Amino acid sequence: MSKRIKGIAMAAILILLSQGTFAQDLGFSASAGMASPSMDDLKYLQESILSSYPVEGKITSSFPPFTNVSINLVKEWYEHIHIGAGYSFSTTGGKSSYSDYTGSISTEISATSHRVGAILSYTLMGGKRLNLALNGRIDANFSTVGIESLINILGRTNNIINQYRSISPSLTAGLEFMYKFSGFSLGLDAGYLVDLPGELKNTGSDNYLSDPNDGNKTLTSDWTGWHAGFKTLIWLNN
């Protein structure tokens with residue numbers, strides 16, 4: 001699987017370097033907004049950890065929609081087709097806690113996604129000012145998950161931190177609606193990402209993150225979900 005994912009990243013670079021019948025327009029796009037990841041395994045883990053507390057705690061945050069950022073290089077292939085390569089970043093997390101006069105217990109799970117891949121865009125409706133396009137991309141998804149547990153009892157503190165990583169391929173399809181100015185465009189984009197869940201491996205050992213209730217099952221990261229945000233596109237050679 002790792003060779004296949006490395007191939008995705010290489011393909012993204014080669015797309016921008018290829019010539020032949022390609023047009024000369026080269027642009028830079030950036031978008032920022034929110035993403036809503038699935039994270040079913042990590043939500044399950046959060047509930048399992050909470051149930052192991054010796055007291056009744058509560059979940060204060062469980063992987064809500066959070067930051068999604070993307071930057072891309074885009075090249076015009078034909079009049080209605082753009083190709084390119086880009087980088088995307090997403091983050092989310094969850095927190096559980098309990099506290100009283102004797103002390104406190106808290107668990108924080110943080111998750112980040114770094115995605116590198118290739119982009120294909122097809123203009124569905126184009127005009128002098130407005131443009132509606134269908135976008136697709138394939139990425140290599142590099143995820144990091146941190147689990148931190150903090151116990152404070154009568155002034156004595158015990159802090160445990162574990163870091164995990166996973167690599168997985170992901171596919172995204174969506175729409176963008178842009179308003180054209182002279183040399184650049186502004187608008188909105190939205191889409192749905194399908195992530196093939198990646199098994200989480202401890203960064204400090206060869207151990208995987210196992211299901212607390214089933215040692216034979218490995219837990220995964222899963223960024224599948226919707227995203228939406230504001231987008232800008234600047235043509236560099238205009």
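Good morning. The protein chain I present today contains 2 helices and 14 strands. Please bear in mind that this is a predicted model.

I begin with the chain as a whole. It comprises 238 residues, and 40% of them count as buried. The exposed surface of the protein chain amounts to about 13200 Å², of which carbon and sulfur atoms supply 61%. How are the contacts distributed along the sequence? Of the contacts between residues at least 6 apart in sequence, 70% join residues at least 24 apart.

I now turn to strand 7, which covers residues 156-180. Which strands pair with strand 7? Among its partners is strand 6, residues 130-153; these two strands run antiparallel and are joined by 24 bridges. At the hairpin, I153 has R156 of strand 7 as its bridge partner. There are 2 residues between strand 6 and strand 7, and in this hairpin L154 takes a positive phi near 50 degrees.

Strand 8, residues 184-195, also pairs with strand 7 in the antiparallel sense, here over 11 bridges. Within this pairing, Y192 of strand 8 stands opposite A173. The hairpin of strand 7 and strand 8 has 3 residues between the strands, and G183 takes a positive phi near 90 degrees there.

Finally, strand 10, residues 201-202, forms 2 bridges with strand 7, again in the antiparallel sense. One position to find in the structure is Y164, whose bridge partner in strand 10 is N202.

To summarise, strand 7 pairs in the antiparallel sense with strand 8 and with strand 10, and it runs antiparallel to strand 6. Thank you for your attention.

How values were computed:
Residues are numbered from 1 along each chain as its sequence is written. This is a predicted model: local features need pLDDT of at least 70, side-chain atom pairs count only at pLDDT 80 or more; totals for chains, interfaces and linings use all residues. Side-chain values use heavy atoms; hydrogens and water are left out. Helices (H or I, at least four residues) and strands (E, at least two) are DSSP runs, numbered from the N terminus. Buried means under 20% relative accessible area, exposed over 50%, partly exposed in between (1.4 Å probe, protein chains only). Contact means heavy atoms within 4.5 Å. Accessible areas come from the Shrake-Rupley method with a 1.4 Å probe; for residues, only the protein chains shown count as cover. Two strands pair if DSSP finds at least two bridges between them.
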